[in-house]
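Subject: Structure handover

Hello,

Here is the structure I promised to pass on. Please open it alongside this message.

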Amino acid sequence: MAEVEFEPLGASVLVHVELPQAKNQEDLEELHRLAESAGGDIKDAVVCRRNAIDPRTYVGSGKVEEIADAVRAHDAKVVVFNSPLTPAQERNLEKEIGVRVMDRIALILVIFAMRARTYEGKLQVELAQLRYEQARLVRGWTHLERQKGGFGLRGGPGETQIELDRRALRERISAIKEDLEVVARRREQNRQERKKNAVPVVSFVGYTNAGKSTLFNRLTRSEVYAADQLFATLDPTLRNMVLPTVGKVVFADTVGFIRHLPHELVAAFRATLEETIQSDLLLHIIDIADQRIEDNIEAVNAVLTQIKADKVPALLVFNKSDLKEEVAAGIVRDESGKPVRVNVSARTGAGLDELLAAVSELLSLDQCKFELKLGYQDGKLRAMLCELKAVESLGYDETGSEHVKITLKPSDASRIDKLSKGRLKECLFNCDGIPWLQEEVFDFDDID
């Protein structure tokens with residue numbers, strides 16, 4: 001597989017456009033940090049307000065002149081827009097400004113290329129880059145002259161080269177998809193094995209740079225790369241843990257989220273994000289010292305909704321409590337006594353024991369205990385329950401019917417009921433208060 005190539009941005013000028021229909025003012029600081037994470041040396045930031053987007057240059061001719069002046073004044077090498085640009089807009093801007101122009105999506109792809117370490121991660125980055133470049137391929141061949149005149153001619157060398165390159169792109173994208181399907185099947189096999197052995201999965205999610213990887217390392221004694229930069233962790237990392245009352249648990253560290261996560265990246269990183277969707281519990285890591293804490297929480301929740309993981313139970317984890325004197329490490333409970341938040345410090349270790357205790361308590365609450373009355377025709381249902389190691393005890397009544405005591409997660413119960421065509425519900429015995437929380441099995445293809 002060809003390595004994904006990248007170069008640090010170097011001297012950069014940022015462009016932020018405020019539109020009346022968009023709530024993007026808070027994104028300027030995020031763009032600044034994204035550019036720094038990609039190796040950018042920020043020289044200037046041009047901010048403007050517009051009532052509508054200019055179809056040719058996005059910002060209008062006057063503002064283009066201002067950006068060009070800033071580029072010349074600082075000898076900048078790249079201009080970064082905090083908005084998606086069309087291929088034509090990029091081409092027009094580069095022609096008038098005289099340096100490389102990229103939008104927010106291209107910037108994030110550069111960072112992802114820098115962070116990818118595993119074979120799967122590199123494939124995902126390359127796939128996202130190729131999909132992004134498909135519509136922009138024409139820019140590379142505008143210097144080629146078209147043939148003119150001649151009866152029966154269908155175009156010049158530029159057209160022919162574009163067609164060849166588009167075909168090469170399609171073939172490479174198809175090959176990457178096939179390779180990713182192989183990786184996805186392996187990941188699914190491991191996931192099914194965990195389900196078979198009834199091993200719960202706890203995924204770390206949160207706004208990028210909230211301290212997820214530092215906390216993950218502290219809890220699992222791992223050495224996942226952690227740094228004070230956006231998207232320091234890209235590839236998912238899974239580690240086994242043993243918790244009291246629960247037993248073996250898998251902790252999964254995932255890629256950090258940002259505001260307006262591009263759909264192209266969601267589609268490309270579907271296998272990685274599936275770990276989040278298929279989790280039994282989400283630990284939503286929040287930087288309590290960040291001034292935009294509410295905005296960050298809202299941004300993460302928006303991405304969870306986008307990838308359809310908003311139905312997974314979540315526990316808020318307020319990290320960096322050592323930076324807030326008024327915040328004491330420990331568990332915060334709701335009126336019913338259920339843990340809803342834990343204050344911790346990944347740096348000092350404060351509150352980590354309480355966090356593990358809260359995780360154990362929530363995973364134990366997720367288990368439903370009930371009894372089934374099985375007949376001779378329920379062999380397949382019995383086999384599925386035994387495969388999940390959900391059977392606590394077996395017995396028979398005076399009529400010869402088999403009574404089975406079950407401990408099962410609601411999601412697994414719903415899935416087995418669907419596979420058994422409703423037979424699980426029909427066999428329920430002493431079933432008062434049994435929650436059926438998830439009535440359908442999630443299909444990730446819904447977001448494509």
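Below is what I found, going from the whole chain down to single residues.

**Overall**

Please keep in mind that this is a predicted model. The chain has 14 helices and 15 strands. Of its 448 residues, 50% are buried. Contacts between residues at least 6 apart in sequence are often long-range: 69% of them join residues at least 24 apart.

**The seven-stranded sheet**

Start with the open sheet. It is built from 7 strands in the order 6-7-5-8-9-11-10, with mixed pairing. Strand 6 and strand 10 stand at the edges. Each has a single partner strand, so one side of each has no neighbour in the sheet. From one strand to the next, the twist averages 25°.

Both edge strands belong to hairpins. At one edge, strand 6 (residues 237-243) and strand 7 (residues 247-253) run antiparallel, joined by 7 bridges. Met 241 has Val 249 as its bridge partner in strand 7. Leu 243 stands opposite Gly 247, also in strand 7. This hairpin leaves 3 residues between its strands, and Thr 245 in the turn has a positive phi of about 70°.

At the other edge, strand 10 (residues 330-333) and strand 11 are also antiparallel, with 4 bridges between them. Here 5 residues separate the two strands of the hairpin. Gly 337 sits in that turn, with a positive phi of about 95°.

Two helices deserve a look against this sheet. Helix 7 packs on it and touches strand 5, strand 6, strand 7, strand 8 (281-287) and strand 9. The direction of helix 7 makes about 155° with that of strand 7. Helix 10 (residues 293-306) lies across strand 5, strand 8 and strand 9. Helix 10 runs at about 150° to strand 8.

**Pro 339**

Where does Pro 339 lie? Pro 339 is in strand 11 (residues 339-343). Its bridge partner is Arg 333. Pro 339 has a relative accessible area of 3%. The cut-off for buried is under 20%, so Pro 339 counts as buried. Leaving aside residues up to four places away in sequence, Pro 339 touches Leu 315, Ile 331, Val 332, Arg 333, Ala 358, Glu 361 and Leu 362. Ala 357 is 18 residues away along the chain, and its C-alpha atom is 9.6 Å from that of Pro 339.

**Aromatic pairs**

How many aromatic pairs are there in the whole structure? The search finds 3. Take Tyr 58 and Phe 81. Their ring centres are 6.2 Å apart and their planes stand at 85°, so the pair is edge-to-face. Tyr 58 lies in the loop between strand 2 (40-49) and helix 2, while Phe 81 is in strand 3. The pair therefore ties together parts that are 23 residues apart in sequence. Tyr 58 and Phe 81 are both buried.

Phe 204 and Phe 216 also form an edge-to-face pair, 5.5 Å centre to centre with 80° between the planes. Phe 204 is in strand 5 (residues 201-206) and Phe 216 in helix 7 (residues 212-220), so this pair ties together parts 12 residues apart in sequence. Phe 204 is buried at 0% relative accessibility. Phe 216 is buried as well, with a relative accessible area of 0%. Phe 204, Phe 216 and Phe 251 make up one aromatic cluster.

**Helix 4 and helix 5**

The axes of helix 4 (residues 104-115) and helix 5 (residues 119-134) come within 10 Å and cross at roughly 155°. That makes the two helices roughly antiparallel. The crossing is left-handed. Helix 4 contributes Ile 105, Ala 106, Leu 109, Phe 112 and Ala 113 to the meeting. Helix 5 contributes Val 125, Ala 128, Gln 129 and Tyr 132.

**Backbone points to check**

Most residues other than glycine have a negative phi. Asp 75 is not a glycine, yet has a positive phi of about 55°. Asp 75 sits in the loop between helix 2 (61-74) and strand 3 (78-81). Lys 320, again not a glycine, has a positive phi of about 65°. Lys 320 is in the loop between strand 9 (314-319) and strand 10. With a relative accessible area of 23%, Lys 320 is partly exposed.

Best wishes

Notes. Residues numbered from 1 in each chain as written. Predicted model: local features only at pLDDT ≥ 70, side-chain atom pairs only at ≥ 80, totals over all residues. Heavy atoms only, no water. Buried < 20%, exposed > 50% of the residue type's maximum accessible area, 1.4 Å probe, protein only. Contact = heavy atoms within 4.5 Å. Pairing = 2+ DSSP bridges. Phe/Tyr/Trp six-rings, centres within 6.5 Å; stacked < 30°, edge-to-face > 60°. Axes fitted to C-alpha atoms, helices over the stretch in contact; angles between N-to-C directions. Parallel < 35°, antiparallel > 145°, perpendicular 65-115°, else oblique. Left-handed = near helix turned anticlockwise from the far one by under 90°.
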